[in-house]
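Open the model in your viewer and keep the selection panel at hand. The stops below are meant to be followed in order.

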Amino acid sequence: MSRPVWIAEHMTKNFLWELLPMRQSDTHKGDYGKVLLLCGSEGLTGAARLAAKAALRAGSGLVYLGVPEKIYPIVAAGAGSEIVFPLPCDERGRLCLESFPAICDRLAGMDAVLFGPGLGQSKELMELTQKLISVCRVPLLLDADGINALEGHIDILRGAACPIVLTPHDGEYRRLGGDPKADDRILDAMKMARQTGTIVLLKGHRTIITDGQNVYRNLTGNPGMATGGSGDVLAGILVSFLGQRIMPLEATAAAAYVHGAAGDLAAVEIGQYGMVPEDLISRIPRLLL
């Protein structure tokens, strides 16, 4: 496979503004995306919180956050504008198959779904991931453990009836069957996107976003963002943009740009060494002016 004829080397702020929906005076919260986030497990409550806060800051009108019932009191106690609700879980505080009917009930009326941050890993989570893919009809973002659950089962992605976005780091990408050490990461990511029928955001120093035909390469971001929880912020921004009905490929590239640019703002203002994911979230609105 040869290189694509057209490569959008980077998302620009002007292009971002063109993608974002106009805020009209006669609109309401339902006009700016209702998103469903399925995140968290015992010991990993921060992932759910960060993703939800980022989705809100990126412009979502309504953010519904489903978490295992075992951690619901913890997450709900720290909630603000997000709507937190409990789902059945196993004895270790991970979502189980019993949660599937409740998830299906919540899917109705949603504009996008995020599945994965902080969920942990189990056989039931693998089955739950496959079931979700089979019934989802709106853009579905699989991140972190949502990607891990696909190991050895990426064939199910081809049968999805909705756009799917995958956001792997190198380790997750390897579990999908990709080669993070490939001489040409762009070509390898394109191959993965074509093989799975998805949009792939391959994280790295120069994050690659591709649908198998077109490619964006993000140039924002810095080493201060290399800290636990940063990826959860990216996931929250991305599901928000998907829920605002931006086309999936462009939404993915825009999210990578905003995530990195928020990190660059933080680096200028407070430095890289003490940067935490919350610093990114607080700067998202300044990039959407």
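## Stop 1: helix α9

Of the 14 residues of α9, 13 are buried, so the helix is mostly covered, where buried means under 20% relative accessible area. This is a predicted model. Select residues 230-243 to show α9. From first C-alpha to last, the 14 residues of α9 reach 20 Å, close to the 20 Å expected at 1.5 Å a residue.

Step past the end of the helix. α9 is followed by Arg-245, whose phi is positive, near 65°. Arg-245 is not a glycine, and its place is in the loop between α9 and α10. Most residues other than glycine have a negative phi. Is Arg-245 buried or exposed? With a relative accessible area of 52%, Arg-245 is exposed.

## Stop 2: the largest pocket

Stay with α9 and turn on the pocket surface. The largest pocket holds about 680 Å³ of space. It is lined by 31 residues, and those closest to its centre are Lys-203, Met-225, Ser-230, Gly-231 and His-259. Select these five residues to centre the view on the pocket.

Which helix gives the most to this lining? It is α9, with four residues. Both α9 and α10 supply at least two residues of the lining. Sorted by class, the lining of the largest pocket has 16 polar, ten nonpolar and five charged residues.

## Stop 3: the second largest pocket

Now select Leu-20, Pro-21, Arg-23, Gln-244 and Leu-288, which lie nearest the centre of the second largest pocket. The lining of this pocket is made of 13 residues, and its space comes to about 260 Å³. By class, nine of the lining residues are nonpolar, two are polar and two are charged.

## Stop 4: Thr-252 and Ile-209

Select residues 248-270 to show helix α10, then pick Thr-252 within it. The relative accessible area of Thr-252 is 0%, so this residue is buried. Beyond its neighbours within four places in sequence, Thr-252 is in contact with Val-165, Ile-199, Leu-201, Ile-209 and Leu-238.

Follow the contact to Ile-209, which sits in strand β9, residues 208-210. Ile-209 counts as buried because its relative accessibility is 1%. Leaving aside neighbours within four places in sequence, the contacts of Ile-209 include Thr-252, Leu-249, Ala-253 and Ala-256. Also among them are Ile-199, Val-200 and Leu-201, together with Asn-214, Val-215, Tyr-216 and Asn-218.

For a distance label, join the C-alpha atoms of Ile-209 and Lys-29. They are separated by 29 Å, and the two residues are 180 residues apart along the chain.

## Stop 5: helix α5

Select residues 123-135 to show helix α5. At 1.5 Å a residue, its 13 residues should span 18 Å; the end C-alpha atoms are 19 Å apart, which agrees.

Which residues of α5 are buried? They are Leu-125, Leu-128, Thr-129, Leu-132 and Ile-133. Look down the axis of α5: the buried residues fall within an arc of 135°, so they line one face of the helix.

To see what covers the buried residues of α5, add strands β2 (34-38), β5 (112-115), β6 (140-142) and β7 (164-166), which are part of the cover. The cover also includes helices α4 (100-107) and α6 (145-148).

## Stop 6: helix α4

From that cover, pick α4, whose buried residues are Phe-100, Ile-103 and Leu-107. Viewed down the axis of α4, these residues fall within an arc of 60°, so they line one face of the helix. The cover over the buried residues of α4 includes β2, β4 (83-87), β5 and α5. Following α4 is Gly-109, with a positive phi near 90°.

## Stop 7: Ala-144

End at the loop between β6 and α6 and select Ala-144. Ala-144 has a positive phi of about 55°, although it is not a glycine. Is Ala-144 buried or exposed? Its relative accessibility is 15%, so Ala-144 counts as buried. Compare the view with Arg-245, which has a positive phi of about 65° and is exposed.

Notes: Residues numbered from 1 in each chain as written. Predicted model: local features only at pLDDT ≥ 70, side-chain atom pairs only at ≥ 80, totals over all residues. Heavy atoms only, no water. Buried < 20%, exposed > 50% of the residue type's maximum accessible area, 1.4 Å probe, protein only. Contact = heavy atoms within 4.5 Å. 1 Å grid on protein atoms, 1.4 Å probe; cavity = no way out; pocket = protein on both sides within 12 Å on 5 of 7 lines; lining within 4 Å. Points joined across faces, edges and corners; volume = space filled by probe spheres on them. Nonpolar A, V, L, I, M, F, W, Y, C, P; charged D, E, K, R; others polar. Expected span 1.5 Å × (residues − 1). Arc of directions from axis to C-beta.
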